[in-house]
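Me: I'd like to learn how to read surface, space and charge features in a model like this one. Could you take me through them one by one?

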Amino acid sequence: MTTLGVQMMMLKDRVSEEGMYPVLQRITDLGYDSVEVSQIPMDEANTQALERGVVDLGLRVGALSVALRKTPTATGDALDTDMDKVVSDCSRLGVEFVRIGMMPFDAMASKEACEAWGRDCEAAAQKLEAHGITLCYHNHHVDLAQFDGERIFDVVRRVAPTVRFEVDLHWVQRGGMNPIDMLREYSGVCKLIHVKDYRVVPLPAADMALLEDKSPESHAEFMRRFALLPQFAEVGAGNMNWPEILPVALEAGAEHFFVEQDELYGRDPFDCLADSWAYLRSIGY
């Protein structure tokens with residue numbers, strides 16, 4: 001049965017301030033039944049708290065985040081240096097999926113670099129598969145860019161057939177593809193879904209003063225702000241057609257829905273999660 005969970009990147013500061021277990025309690029109090037751990041250290045204290053959440057709260061840990069390689073910016077667990085730990089953590093927590101949140105920027109720069117990165121993912125995915133763990137790759141809008149008519153997502157699917165996908169529906173929309181078309185085209189490999197809305201806010205009246213200035217600098221600043229009108233939104237607070245999208249995601253093989261919001265625009269993360277939960281309840285989830 002597909003779970004409805006929380007992408008804990010939204011709560012990384014709360015985990016740091018309050019501790020993992022109290023945050024897990026608040027997640028379950030809101031009604032969510034699973035979590036995906038990202039941008040939070042999988043140290044022993046947090047892992048023990050997650051174990052307690054599984055036992056005492058009935059939460060499922062749906063997925064853990066990893067990098068393919070340890071780098072100065074990818075400081076969490078990586079499959080090239082921490083494979084044994086990742087497998088152990090999955091065993092302790094009953095996790096069936098690990099996910100890579102983004103390919104390195106240099107891998108996006110050419111078809112050859114993308115293929116090379118994908119082949120390394122395939123090797124890691126096969127190692128994880130031997131332990132009953134599925135490796136998933138999470139998209140952004142850039143994954144709909146094309147090399148010779150082939151999307152980056154398609155390059156990964158071609159050279160890494162063992163890898164499955166975590167489809168972030170907001171980034172699909174922002175990348176210019178209908179989320180329903182994406183889910184149908186990749187049916188069978190869409191195991192994890194980020195449920196994240198997309199809204200466009202009105203132009204602030206105060207920004208119009210920049211145009212009155214007439215200077216190139218003011219015009220450039222106005223255009224920068226104009227480009228920021230698209231926002232991440234609480235589920236149901238944007239323009240995406242969730243009553244039509246989510247059934248197609250289930251048909252495509254989704255095993256976990258994770259609510260995520262990259263930017264909160266000053267709101268409390270638990271309030272955002274409560275609003276998303278209330279909307280999803282209202283449409284039957």
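Me: Let's begin with Met 223: why does this residue count as partly exposed?

Reply: Met 223 counts as partly exposed because its relative accessibility is 38%. The classes are buried (under 20% relative accessible area), exposed (over 50%) and partly exposed in between, with a 1.4 Å probe and protein chains only. Before we go on, please keep in mind that this is a predicted model, where local features need pLDDT of at least 70, side-chain atom pairs count only at pLDDT 80 or more, and totals for chains, interfaces and linings use all residues. Residues are numbered from 1 along each chain as its sequence is written, and side-chain values use heavy atoms, with hydrogens and water left out.

Me: Where is Met 223 found, and which residues form a nonpolar patch with this methionine?

Reply: Met 223 sits in helix H10; helices here are DSSP runs of H or I with at least four residues, strands are E runs of at least two, and both are numbered from the N terminus. Its partners in the surface patch are Leu 203, Met 208, Leu 211 and Phe 226, and the patch has about 390 Å² of accessible area together. Two or more of the patch residues come from each of helix H9 (208-213) and helix H10 (216-226). Patch members have over 30% relative accessible area and no salt bridge; like charges are joined within 9 Å, and nonpolar side chains (Val, Leu, Ile, Met, Phe, Trp, Tyr) within 5 Å. The areas are from the Shrake-Rupley method with a 1.4 Å probe, and for residues only the protein chains shown count as cover.

Me: What should I look at in the loop between H9 and H10?

Reply: Look at Lys 214, which is found in that loop. Lys 214 has a positive phi of about 70° although it is not a glycine, and this lysine is exposed, with a relative accessible area of 72%. Tyr 265 is another non-glycine residue with a positive phi, here about 55°. Tyr 265 lies in the loop between strand E12 (256-259) and H12 and is partly exposed at 40% relative accessibility.

Me: Now to empty space. How many cavities of 30 Å³ or more are there, and which residues line the largest cavity?

Reply: Rolling a probe the size of a water molecule over the atoms shows where empty space is left. On a 1 Å grid over the protein atoms alone, a cavity is a set of points where a 1.4 Å probe fits but cannot get out; a pocket is an open set with protein on both sides within 12 Å along at least five of seven lines, and lining residues have an atom within 4 Å of a point. The count is one cavity, with a volume of about 30 Å³. Its lining consists of Met 42, Leu 64, Ser 65, Val 66, Asp 77, Val 86 and Asp 89. Strand E3 (60-66) and helix H4 (83-93) each give two or more of these residues, and E3 has the largest share, with three.

Me: What about the largest pocket and the second largest pocket?

Reply: The largest pocket holds about 1000 Å³ of space. Of its 37 lining residues, Gln 39, Thr 73, Ala 74, Gly 101 and Met 102 lie nearest its centre. E3 and strand E4 (97-100) each supply at least two lining residues. The second largest pocket has a volume of about 170 Å³, and its lining includes Met 1, Asp 33, Trp 277 and Tyr 285. For these volumes, grid points are joined across faces, edges and corners, and a volume is the space filled by probe spheres set on the points.

Me: Last topic: how many salt bridges are there, and what does the one between Asp 120 and Arg 69 tie together?

Reply: Side chains of opposite charge can pair when their charged atoms come close. A salt bridge is a side-chain nitrogen of Lys or Arg within 4 Å of a carboxyl oxygen of Asp or Glu, and the count comes to 28. In the pair of Asp 120 and Arg 69, the closest N and O atoms are 2.1 Å apart. Asp 120 lies in helix H5 (residues 111-129) and Arg 69 in the loop between E3 and H4, so this pair ties together parts that are 51 residues apart in sequence.

Me: Is Arg 151 buried or exposed, and what is its salt-bridge partner?

Reply: Arg 151 is buried, with a relative accessible area of 17%. Its side chain meets that of Glu 185 in a salt bridge (2.8 Å, N to O). Arg 151 is in strand E7 (residues 150-151) and Glu 185 in helix H8 (residues 179-185), so the pair ties together parts that are 34 residues apart in sequence. Glu 185 is partly exposed at 36%. There is also a network of salt bridges, which links Lys 111, Glu 115, Asp 148, Glu 150 and Arg 158.
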